[in-house]
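Take a look at the chain below and keep it open while you read. We'll walk through some strands, a few rings and the question of how far to trust the picture.

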Amino acid sequence: MVTQRIKDVRARGSWRGLQGMLGPVMLAAAFLLWWAPASFGQGVAAGSAAAPFGYGDGVRILIWESWERAELQTFATKFSNEYVIDGEGYITLPIFGKLKVVGMTPDGLVEVLREKLRPYTRDPIITVTPLVRVTLLGQFRQPGSYRVDPRDALWSVIEQAGGPGPECDLQRLQLRRGGRTVKKSLLTSWERGSSLAEIGVRSGDVIYAPRVPRLTFRDFVYYFQFIVSLISLYVSIKRWG
């Protein structure tokens, strides 16, 4: 009977030991399943996976080849570029020609590119980044329209526009949309290094930098005339009284 009990205890101990081993093994397996696709770099969609491409926006495509296929790297690098999405929703790729991307997610575009490249290369690393249109107006050194990554910081986008000009009023840096001012001061976001996505910038928005208010000669003449008018009115009232 004692022998049988010892066997039972050993069996329970083995089972508990097996239970103790299963936990770490299952956690390790779960981690490998999560890590493997990104690690092997079959395709990476930068930015929001659900963000669709829009007309007039852009897309940045970067493709790398395996070092084992170094002779084909020149072929793959032909596709690494920034592409403008035309009014019909297409980008024009070298060799493959026009490809409609509007309505497609970045993840979807990665899959399409991988299928197109499959006959020519093996296991390419593909990165797709949506670019939105932002216009910088006012007191910037190089105002204009730019296609930028929504994850870019506001200060880096302003840097693309040459930085603030000497008369730029950073205290009143504004975000405008559809002719309306939706945010009156972006100075805090600029100082914190907030990204365009964090600020809420959408494609087609305008970042406006007004001029520092100064008293010009024209303003001086205007205020002088206004004061003279008030004095004349006061004198007239005194005479009538």
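## A hairpin: S8 and S9

In this predicted model, strand S9 (residues 180–183) pairs with S8 through 3 bridges, and the two run antiparallel. If you want one spot to look at, try Leu 175: its bridge partner in S9 is Lys 183.

The hairpin of S8 and S9 has 2 residues between the strands, and Gly 178 there takes a positive phi near 60 degrees.

## S10 and its neighbours

S8 (residues 174–177) has another partner too: 3 bridges join S8 to S10, again in the antiparallel sense. Here Leu 175 turns up once more, standing opposite Ile 207 of S10.

Strand S6 (residues 125–138) is also joined to S10, this time by 5 bridges and running parallel. One of the matched pairs is Val 134 with Asp 205 in S10. So is S10 enclosed or open? Of the 5 residues in S10 (residues 205–209), 4 are buried, so the strand is largely enclosed by the rest of the structure.

## Zooming in on Leu 137

Leu 137 sits in strand S6. Which residues does Leu 137 touch, once you skip those up to four places away in sequence? They are Pro 143, Val 206, Ile 207, Tyr 208 and Ala 209.

Even with those contacts, Leu 137 has 39% relative accessibility, so it counts as partly exposed: the value falls between the 20% limit for buried and the 50% limit for exposed. Ala 161 is 24 residues away from Leu 137 along the chain, and their C-alpha atoms are 9.4 Å apart.

## Rings, and charges over rings

Now for the aromatic side chains. A pair of rings is described with two things, the distance of the centres and the angle of the planes. The model has 3 aromatic pairs. Take Tyr 222 and Tyr 223: their ring centres are 5.5 Å apart and their planes make 70 degrees, so this pair is edge-to-face, the label for angles over 60. Tyr 222 is exposed because its relative accessibility is 52%, just what a value over 50% calls for. Tyr 223, at 46%, counts as partly exposed. Elsewhere, Phe 79, Phe 96 and Tyr 120 make up one aromatic cluster.

Two charged side chains also sit over rings. Lys 98 lies over the face of Tyr 90, 4.9 Å from the ring centre. Arg 176 has its charged end over the ring of Tyr 208, at 3.9 Å from the centre.

## The chain as a whole

Stepping back, you'll find 7 helices and 10 strands in the chain. There are 241 residues, and 30% of them are buried. The accessible surface is about 15900 Å², with 59% of it belonging to carbon and sulfur atoms.

Contacts also link distant parts of the sequence: counting those between residues at least 6 apart, 60% join residues at least 24 apart.

## How far to trust it

The average pLDDT of the chain is 79, and 73% of the residues score at least 70. Which elements have the lowest and the highest mean pLDDT? Helix H1 (residues 2–39) is lowest, at 43, while S10 is highest, at 97.

The pLDDT is below 50 over residues 1–44, a stretch with 15 contacts in the model beyond near neighbours in sequence. Where pLDDT is low, don't read the predicted coordinates in detail.

Key. Residues are numbered from 1 along each chain as its sequence is written. This is a predicted model: local features need pLDDT of at least 70, side-chain atom pairs count only at pLDDT 80 or more; totals for chains, interfaces and linings use all residues. Side-chain values use heavy atoms; hydrogens and water are left out. Rings of Phe, Tyr and Trp (its six-membered ring) pair if their centres lie within 6.5 Å; planes under 30 degrees apart count as stacked, over 60 as edge-to-face and the rest as tilted. Buried means under 20% relative accessible area, exposed over 50%, partly exposed in between (1.4 Å probe, protein chains only). A charge sits over a ring if NZ of Lys or CZ of Arg is within 6 Å of the ring centre and within 35 degrees of the ring normal. Contact means heavy atoms within 4.5 Å. Accessible areas come from the Shrake-Rupley method with a 1.4 Å probe; for residues, only the protein chains shown count as cover. Two strands pair if DSSP finds at least two bridges between them. pLDDT is the predictor's confidence in each residue, from 0 to 100.
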